[in-house]
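The following paragraphs lead through a protein model, from its secondary structure to its pocket and its aromatic rings. Please keep the sequence and the structure in view while reading.

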Amino acid sequence: MIETAYIKTPLGIAKLEGDEDGLSVISVFDDGEITEVIPEVLEDAVYQLQEYFRGERTTFSLTLNPAGTDFQKKVWDALLQIPYGKTYSYLELSKILGDPKAIRAVAAANGKNPLWIMVPCHRVIGSDGSLTGYAGGLHRKKWLLEHESPVTQTSLF
């Protein structure tokens with residue numbers, strides 16, 4: 001049976017869905033009700049997300065079980081290879097997948113990623129370095145990339 005939990009994050013309310021086969025969905029909303037008792041099957045995912053937002057976690061160790069086509073799953077697996085604090089362009093990702101001409105298909109699969117943050121689609125940017133479309137909103141993508149950036153901005157005064 002699919003279990004659901006809603007938790008507060010710095011970027012809104014995250015909805016987590018999963019069962020004993022793994023985590024299938026993480027999405028984000030501007031507001032909503034918080035789950036008071038987290039289902040046992042989602043406790044580790046909630047804990048790891050909280051660690052990530054506190055800056056204590058750079059990788060996740062969970063069983064993921066997203067629904068998608070074989071091609072989408074191949075793209076999502078490639079996204080998992082992008083290291084924390086790094087970005088790839090859609091073209092680089094297409095080349096890694098073996099077909100530089102598949103850039104639009106790769107971008108479409110990236111946009112269908114059902115596992116916000118854990119499958120780091122936010123780490124994919126335009127070839128010119130621009131923050132291209134992001135299902136969670138560009139303000140969230142910018143925040144996530146800054147959160148993961150190895151360079152910290154210091155005050156001049």
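Helices (H or I, at least four residues) and strands (E, at least two) are DSSP runs, numbered from the N terminus. The model is predicted, so local features need pLDDT of at least 70 and side-chain atom pairs count only at pLDDT 80 or more, while totals for chains, interfaces and linings use all residues. Residues are numbered from 1 along each chain as its sequence is written, and side-chain values use heavy atoms, with hydrogens and water left out.

A suitable starting point is C121, which UniProt lists for "active site" in an unreviewed entry; UniProt positions are given in the numbering used here, feature names are shortened, and annotations may be inferred rather than shown by experiment. C121 is placed in the loop between α4 (103-111) and β5 (124-125). With a relative accessible area of 9%, C121 is buried (buried means under 20% relative accessible area, exposed over 50%, partly exposed in between, with a 1.4 Å probe and protein chains only). Apart from neighbours within four places in sequence, C121 is in contact (heavy atoms within 4.5 Å) with L79, N110, N113 and Y134.

I117 also lies in the loop between α4 and β5. Most residues other than glycine have a negative phi. The phi of I117, however, is positive, near 70 degrees. I117 is buried, at a relative accessible area of 1%.

C121 appears again in the lining of the largest pocket, which has 14 residues; G111, N113, C121, A135 and G136 are those that lie nearest the pocket centre. A pocket is found on a 1 Å grid over the protein atoms alone, as an open set of points where a 1.4 Å probe fits, with protein on both sides within 12 Å along at least five of seven lines; lining residues have an atom within 4 Å of a point. The volume of the largest pocket is about 220 Å³, a volume being the space filled by probe spheres set on the points, which are joined across faces, edges and corners. Two or more lining residues come from each of β3 (22-29) and α4. By class, the lining has 8 nonpolar, 6 polar and no charged residues; Ala, Val, Leu, Ile, Met, Phe, Trp, Tyr, Cys and Pro count as nonpolar, Asp, Glu, Lys and Arg as charged, and the others, Gly among them, as polar.

Towards the N terminus, UniProt places the feature "domain: Methylguanine DNA methyltransferase ribonuclease-like" (unreviewed entry) at residues 5-65. Over residues 5-65 the chain is 18% helix and 34% strand, with its end C-alpha atoms 16 Å apart. The buried residues of helix α1 are A45, V46, Q48, L49, E51, Y52 and F53, and their cover includes β1 (3-9), β2 (12-19), β3 and α5 (138-148). G55, with a positive phi near 80 degrees, follows α1.

Which residues do ring pairs link into a cluster? They are Y52, F53, F60, Y84, W116 and W143. The whole structure holds 5 aromatic pairs; rings of Phe, Tyr and Trp (its six-membered ring) pair if their centres lie within 6.5 Å, and planes under 30 degrees apart count as stacked, over 60 as edge-to-face and the rest as tilted. Y52 and F53 form an edge-to-face pair, 5.2 Å centre to centre with 75 degrees between the planes. The ring centres of Y52 and Y84 are 6.3 Å apart and their planes are at 80 degrees, so this pair is edge-to-face. Because Y52 lies in α1 (residues 43-53) and Y84 in the loop between α2 (70-79) and β4 (88-89), the pair ties together parts that are 32 residues apart in sequence. Y52 is buried at 0% relative accessibility, whereas Y84 is partly exposed at 24%.
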